Amino acid sequence: MPAMKFRGVDFVQFDSLLTDEERLVRDTARQFIEDNLVPIIEECNRAGRFPRELVKPMADLGFFGASLKGYGCAEMSNVEYGLVMQEMERGDSGVRSFVSVQSALVMYPIHTFGSDEQKQTWLPALQSGEKLGCFGLTEPDFGSNPGGMRTRAKKVGNEYVLNGEKMWITSGTIADVAIIWAKVEDEGDRVRGFLVETDRPGFKAEDIHGKWSLRASVTSGLSLQDVRVPESSLMPGSGGLKSPLMCLNQARYGIAWGGIGAAMACYDCALQYSKLRKQFRDQPIASHQLVQEKLAWMITEITKGQLLVLQVGRLKDEGKAEHFHISMAKRNNIWMALECARLSRDILGANGVADDYPIMRHMMNLESVKTYEGTHDIHTLIIGSTVTGIDAF
């Protein structure tokens with residue numbers, strides 16, 4: 001089979017709903033992915049290697065903290081940022097995860113909750129890719145229920161002493177700074193955020209090995225044993241579990257766009273393959289009803305997902321997006337993308353499991369994306385609570 005170059009996916013003239021600036025941002029990100037990530041991603045996936053050589057080029061294009069204001073950030077609209085995330089995940093979920101963490105889970109909390117000194121110190125360095133960050137919320141025993149966290153911070157003189165464990169942390173072993181969420185003993189176990197340099201004594205990060213998913217992304221466990229930080233490391237604007245959840249909301253928004261990108265990659269590959277692959281009477285399998293049914297389902301769901309996330313993006317740019325809007329977009333689009341990957345694998349048959357094609361890699365990645373930043377079931381309950389007014393968890 002000849003090499004398949006991505007051709008774009010637009011069934012209802014979706015591009016006509018975008019401004020010239022939004023299309024330019026999308027096309028710039030798309031070209032970057034085509035030129036720099038697509039040629040190496042299968043090798044990275046095989047080796048379990050994060051393509052760190054792309055960090056500086058991505059920073060130069062303004063991809064880190066793209067929707068934030070000031071500090072060298074690109075100041076993109078939320079729709080423009082979403083389109084960047086779409087193209088990142090069309091390349092690979094692991095690379096999009098890295099950009100999401102750097103932007104929504106590290107730069108956003110510093111920008112939102114940090115002191116002026118913290119912002120000046122960290123944001124320009126993170127935007128330029130000179131420094132990398134990670135987000136420490138999830139723990140070995142607490143994922144969907146972050147309020148149960150065991151990590152503690154205790155005020156001792158003009159310092160805080162942190163103790164705890166964090167798990168499933170993207171970029172943990174390559175980060176220069178970790179956003180650590182802990183319950184502060186002196187504040188009645190109120191959850192606060194701390195900026196912790198990863199070279200401090202007592203801080204340890206180790207990679208998680210044996211992953212079948214997000215292999216081109218660094219995933220780590222963190223250990224904090226009597227890690228001392230100055231009181232200036234506390235992000236003064238943070239307070240309560242609402243603070244880290246606000247960060248997750250930012251990340252979930254980007255993930256909702258990312259799911260579209262992964263679905264597009266799988267669908268476009270399956271469509272092109274089905275027109276070239278011949279079976280029965282020397283006819284392309286695209287001529288068969290069952291194959292057309294799969295393709296029709298995929299393009300319909302992708303189109304619906306595009307319209308959903310664009311509307312949420314428009315609401316976000318108007319300051320009207322609620323957390324339950326983002327939950328619907330994340331829940332729907334990642335479920336849809338995973339189904340597209342499975343249907344595309346069906347169309348490719350045995351070839352669908354080979355990394356000559358991107359489909360199995362996307363499928364394995366999406367299994368993680370369906371779980372992290374709020375599982376599919378948790379987002380179901382968020383939507384259910386919104387429409388009924390009754391919490392089921």
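Trainee: What makes the contact between the side chains of Asp268 and Arg7 a salt bridge?

Mentor: A salt bridge requires a side-chain nitrogen of Lys or Arg within 4 Å of a carboxyl oxygen of Asp or Glu. For Asp268 and Arg7 the N to O distance is 3.2 Å, so the pair satisfies the definition. This is a predicted model, in which local features need pLDDT of at least 70, side-chain atom pairs count only at pLDDT 80 or more, and totals for chains, interfaces and linings use all residues. Residues are numbered from 1 along each chain as its sequence is written, and side-chain values use heavy atoms, with hydrogens and water left out.

Trainee: Which parts of the chain does the pair Asp268 and Arg7 link?

Mentor: The pair links distant parts: Asp268 lies in helix 7 (residues 242-276), whereas Arg7 lies in the segment before helix 1 (20-37), 261 residues apart. Helices here are DSSP runs (H or I, at least four residues), and they are numbered from the N terminus.

Trainee: Why is Asp268 called buried?

Mentor: Buried means under 20% relative accessible area, exposed means over 50%, and partly exposed lies in between (1.4 Å probe, protein chains only). Asp268 has a relative accessible area of 3% and is therefore buried. Its partner Arg7, at 47%, counts as partly exposed.

Trainee: How do you know that Asp27 and Arg26 form a salt bridge?

Mentor: Their closest N and O atoms are 2.7 Å apart, and the definition asks for a nitrogen and an oxygen within 4 Å, so the name applies. Asp27 is partly exposed because its relative accessible area is 38%, while Arg26, at 5%, counts as buried.

Trainee: Why are Lys204 and Glu206 both called partly exposed?

Mentor: Lys204 has 48% relative accessibility and Glu206 has 46%, so each value falls in the partly exposed range. The closest N and O atoms of Lys204 and Glu206 are 3.1 Å apart, in a salt bridge. Elsewhere, salt bridges that share partners join Lys5, Arg30, Glu34, Glu87 and Arg90 into one network. The whole structure holds 30 salt bridges.

Trainee: How many disulfides does the structure have?

Mentor: A disulfide is a pair of cysteine sulfur atoms within 2.5 Å, and the count by this rule is 0. For Cys44, the nearest cysteine sulfur, that of Cys266, is 18 Å away.

Trainee: Why does Cys247 form no bond with Cys134?

Mentor: The sulfur of Cys247 is 13 Å from that of Cys134, the closest cysteine sulfur, and is therefore too far for a bond. Cys247 counts as buried because its relative accessibility is 0%.

Definitions and conventions
Helix = DSSP H or I, 4+ residues; strand = E, 2+ residues; numbered from the N terminus.
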